[in-house]
Amino acid sequence: MSESDTAPAGTKPAPSNLVMRVLAALVLAPLAIGAAYVGGWLWALLVTLVSVGLFAEWLMVVGAGSTALTGAGTIVIAMMGLCVAAGALKTAIIVGCVGGAIIMLIARGKFMWAATGFAYASAALLASILVRKDLVNGFSALMFVLLVVWATDIGGYFAGRGIGGPKLWPRVSPKKTWAGAFGGFAASLAVASGFAAFGVGKAVPLLLVSAVLSVVSQAGDLFESAVKRRFGVKDSSHLIPGHGGLLDRLDGFVAAILVAWIIGFLRHGVHSAGSGLMVW
C-alpha cells in the first residue's frame, strides 16, 4: 500500500479503493507466502513470472514496450530463472550478460532505459531465488524481508493518512509524508521485535537489519516514483486492483531483497545468504 499512490495526506482514502487494496492483499499475500514456504521450483516459477512482468511493465513506463524487446526479455529472464533454480548460477549470470547485450541492441535509442529495466528485473529474480535457496534459514529470511516491506508500506500508509504533515520529497512523490516514512520505519522495527521474541534471530541485529531494509524499501518506492514521473505515468499497469501494477506493488521489495541478499552473501556466501541475514 504505497502512500505515494493514494489520496493527499490528511484525507481519508476512498472506501472502495481501500476495500480493493485489502481484498487484493488477502488473495495475493497467502499465495506469495505459500509459494515461499514450498520453495524450490514453485517459488522459482513465481519469481520468474513476476520478474518477466516487472520488465514488461518497465518497458511500457519508459515507452519502449515493443514486441521484440518484451519477447527477448521474457526469454532471457525465463532462462535465467531456470538456470538459478537448477543451481547453475554462473550460467544464469552468463545468460543474463549476453541477453542484456541483445536487449540493448534491440532497444536502440532506449537502450539505457531498457538495460536499467532488465538489470532491475534480473536483480529481483536472482536475489529472491538465492535467498530462499538457503536450506536452513531461507524461508525465515524471505519472510523477514517480506514482512518488513509489508509493515513499512502499511505503517506508512496509515501514519501518512492519520498524521499528514510535511512532504518527504514533493518533486518525486507529492503525497508521501515524513510522518508516513517514520510510521513505516517504526512498523518495520515491530516485525524485527516479533521475530526476536519468537527466537528467530537476535533482537539487536534484527532491529538494525530491519531498519536498513525499511529505509531501502522506501528508497525503492521513491526510485520507481521518480521513473514514472520522468515519463508522466501514474501507474505501471492496472494488473492488481487498488494497487496498480507489479512495479507499483513490488518496488520496495525489489530494493529490500537485493540489499538483504547482499548482506547475507557478504556474511555467509552465495548459498547461505538466508543464514547470513538471520544468524548473528
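Which side chain makes a polar contact with the side chain of Asp221?

1. Lys176 is the partner. Its side chain and that of Asp221 make a polar contact at 3.3 Å. Bear in mind that this is a predicted model.

2. Asp221 sits in helix H8, which covers residues 203–230. Its relative accessible area is 4%. Buried means under 20%, so Asp221 counts as buried. The contact with Lys176 therefore involves a buried aspartate.

3. Helix H5 runs over residues 111–132 and has 22 residues. From first C-alpha to last, H5 reaches 32 Å. That is close to the 32 Å expected at 1.5 Å a residue. Of the 22 residues of H5, 16 are buried, so this helix is largely enclosed by the rest of the structure.

4. Helix H1 spans residues 15–38 and holds Val19. Val19 has 45% relative accessibility. Partly exposed lies between the 20% and 50% limits, so Val19 falls in that class.

5. Val19 also belongs to a nonpolar surface patch. Met20, Val22, Leu23 and Leu26 make up the patch with Val19. The patch area is about 430 Å².

6. Leu28 is in helix H1 too. Its relative accessible area is 38%, so Leu28 is partly exposed. In sequence, Leu28 and Ile240 are 212 residues apart. In space, their C-alpha atoms are 9.3 Å apart.

Technical notes:
Residues numbered from 1 in each chain as written. Predicted model: local features only at pLDDT ≥ 70, side-chain atom pairs only at ≥ 80, totals over all residues. Heavy atoms only, no water. Patch = residues over 30% accessible without salt bridge, like charges linked within 9 Å, V, L, I, M, F, W, Y side chains within 5 Å. Areas by Shrake-Rupley, 256 points an atom, 1.4 Å probe, with all protein chains shown as cover. Salt bridge = Lys/Arg side-chain N within 4 Å of Asp/Glu carboxyl O. Helix = DSSP H or I, 4+ residues; strand = E, 2+ residues; numbered from the N terminus. Buried < 20%, exposed > 50% of the residue type's maximum accessible area, 1.4 Å probe, protein only. Polar contact = N/O pair within 3.5 Å; in protein donor to acceptor, adjacent residues only side chain to side chain. Expected span 1.5 Å × (residues − 1).
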